[in-house]
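Biologist: Please take a close look at a single part of this structure, the surroundings of its ligands, and then set that part in its wider context in one connected account.

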Amino acid sequence: MIWQYWNHPIETMPRDELEKLQLSRLKDAVRFALRTPFYKKRLEEAGIKSGDDIKTLSDLGRVPFTTKHDLREGFPYGFLSVPREDVVRLHASSGTTGAPTTIYFNAADIDTWADYVARCIYGTGCTKSDVFQNMITYGLFTGGLGFHAGGEKVGMMVIPSGAGNTTRQFRLMQDYGTTVLHATPSFLLHVESKMREEGVSRNSLKLKRAFAGAEPYSEDTRRRIEELLQIDVFNSYGLSEMNGPGVAFECQAKNGLHIWEDGYLVEIINPETLESAAAGETGELVITCLCREATPILRYRTRDLTSLCLDPCPCGRTHRRLRRITGRSDDMLIINGVNVFPSQIEEVIMAMKEVGNNYLIEIEKEGMLDRLTVKTEVTPESFRDDTRPLNALKEKIRRTLQASITISPRVELHESGSLPVSEGKAVRVTDRRAGD
Ligand code: AMP
Ligand code: ZN
């Protein structure tokens, strides 16, 4: 394997030097934070009046956590640390309820962010000879413009196709010889179903790899996309509060996502006690942004559940790796008193070869009890007129799910391509119990 590094000194920096760099950037982040109305109050209450009050990295523990709720409270300009005139762009979360969370960037921030995304892209083996089709939503969502700028920095030819419209996506791939894709994993699976439906031959495409992220997916889903589309799939993690994409990414070893610790200070905490989790233990990811001036965010509780890999990566990068994010602490479902994460369901069904590329989870009240229904598509080869094998498959899915989550779900099988697909992040769960 020939590893390629976008920024060799930084990516392979010895840990002690990396920590020195983190400390100096943390002091700067605190200085910027003290210029915002929100943190001025918060930090002064915690006895932190200047960047120099942070003497070691462990002083981070004195800084209070920041939550999504705080960001909403601070809407619109409570977290802005530079004059409004210096802001050149904003991104905002859709925010189905309440005020959107808004992140402001100055010109330096935009350039720094693009550089982190370029680091991720380049580390997977991409070069300027690649043609990059960015099949993700552009706009206030960070995925579109974030990858766009990173791709351009690497020197790839970027096709800003945006999400949706698979027929047009195929045309673009064929016309311009696309080699690299970026999309949500659910959209990549949808693309593959559509390819078969529309008779697009794999040989007419030059695809080599894809970046898949913005939503959780299992290792089996990755394998499925890789096998069906015959490409390498790299897991991409980011969130709008930490600029967007470019926070953590898989290298060619594909064994966890390097989180760029020169830009993002990482902690894993127990979401109940808020204490640090033991080394290697799963917990909630907390990130402090060290690479943005206009909107400093310290100790942000992401709600994402993951753990840190403890062994070194063969690629030689010294930045630690996050394990695949399994879900969010707030997407846990409680069904008849049992805790179930949607990712547990995905893991079971995506490992079955008869199961197609899309699935949905529904929960409703039936009398006093909760009723879980799992609707999955079935591959065209398995969807026959004869109902016996289908009934057997249904029963197999039900039994395997029950063994994994202890609840016996109702299982519905659907023809390939018949369940709804969302253009952005997949909406898998419908919970109709609310208000009961
Ligand atoms: P947004 O701020 O809209 O970009 O959403 C960020 C959230 O998307 C994260 O906090 C995660 O919950 C989720 N997310 C992004 N990338 C991944 C990934 N690779 N795996 C799992 N979840 C992800
Ligand atoms: Zn690596």
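Modeller: A polar contact here is a pair of N or O atoms within 3.5 Å. The model is predicted, so local features require pLDDT of at least 70 and side-chain atom pairs pLDDT 80 or more, while totals for chains, interfaces and linings use all residues. Residues are numbered from 1 along each chain, chains are lettered from A and ligands numbered from 1 as written, and side-chain values use heavy atoms, without hydrogens or water.

Ligand 1 has 16 residues around it (a heavy atom within 4 Å), of which N235, S236, S240, D304 and K425 come nearest. Two side chains approach its oxygen atoms: a polar side-chain atom of D304 lies 2.6 Å from an oxygen atom of ligand 1, and a side-chain N or O atom of S240 lies 2.7 Å from an oxygen atom of the ligand. P216 contributes a polar backbone atom, 3.4 Å from a nitrogen atom of ligand 1.

Ligand 2 is a zinc ion, and its protein donors (N, O or S atoms within 2.8 Å of the metal) are SG of C251, NE2 of H258, SG of C313 and SG of C315, at 2.1 to 2.3 Å. The 4 donor atoms subtend angles of 103 to 117° at the zinc ion, and the arrangement is therefore tetrahedral (all angles between 85 and 135 degrees). Along the sequence the donor residues follow the spacing C-x6-H-x54-C-x1-C. C251 sits in the loop between β8 (244-250) and β9 (257-259), and C313 in the loop between β13 (308-309) and β14 (321-322), so the pair ties together parts 62 residues apart in sequence. The strands are DSSP runs of E with at least two residues, and helices are runs of H or I with at least four. C251 is buried (under 20% relative accessible area), at 3%; C313 is also buried, with a relative accessible area of 9%.

Turning to the wider context, helix α2 (residues 15-33) has 19 residues. The buried residues of α2, among them L18, L21, L26, V30 and F32, pack against α1 (8-11), α3 (37-45), β10 (264-269) and β11 (283-289), contact meaning heavy atoms within 4.5 Å.

V338, in strand β17 (residues 338-340), is partly exposed (20% to 50%), with a relative accessible area of 26%. Neighbours within four places in sequence aside, V338 is in contact with L333, I405, T406 and I407. The C-alpha atoms of V338 and E354 are separated by 28 Å, the two residues being 16 residues apart along the chain.

Definitions and conventions:
Donors = N, O, S within 2.8 Å, 3.2 Å for Na, K, Ca; no water. Tetrahedral: all angles 85-135°; square planar, octahedral: opposite > 155°, others 65-115°. Buried < 20%, exposed > 50% of the residue type's maximum accessible area, 1.4 Å probe, protein only. Expected span 1.5 Å × (residues − 1). Polar contact = N/O pair within 3.5 Å; in protein donor to acceptor, adjacent residues only side chain to side chain.
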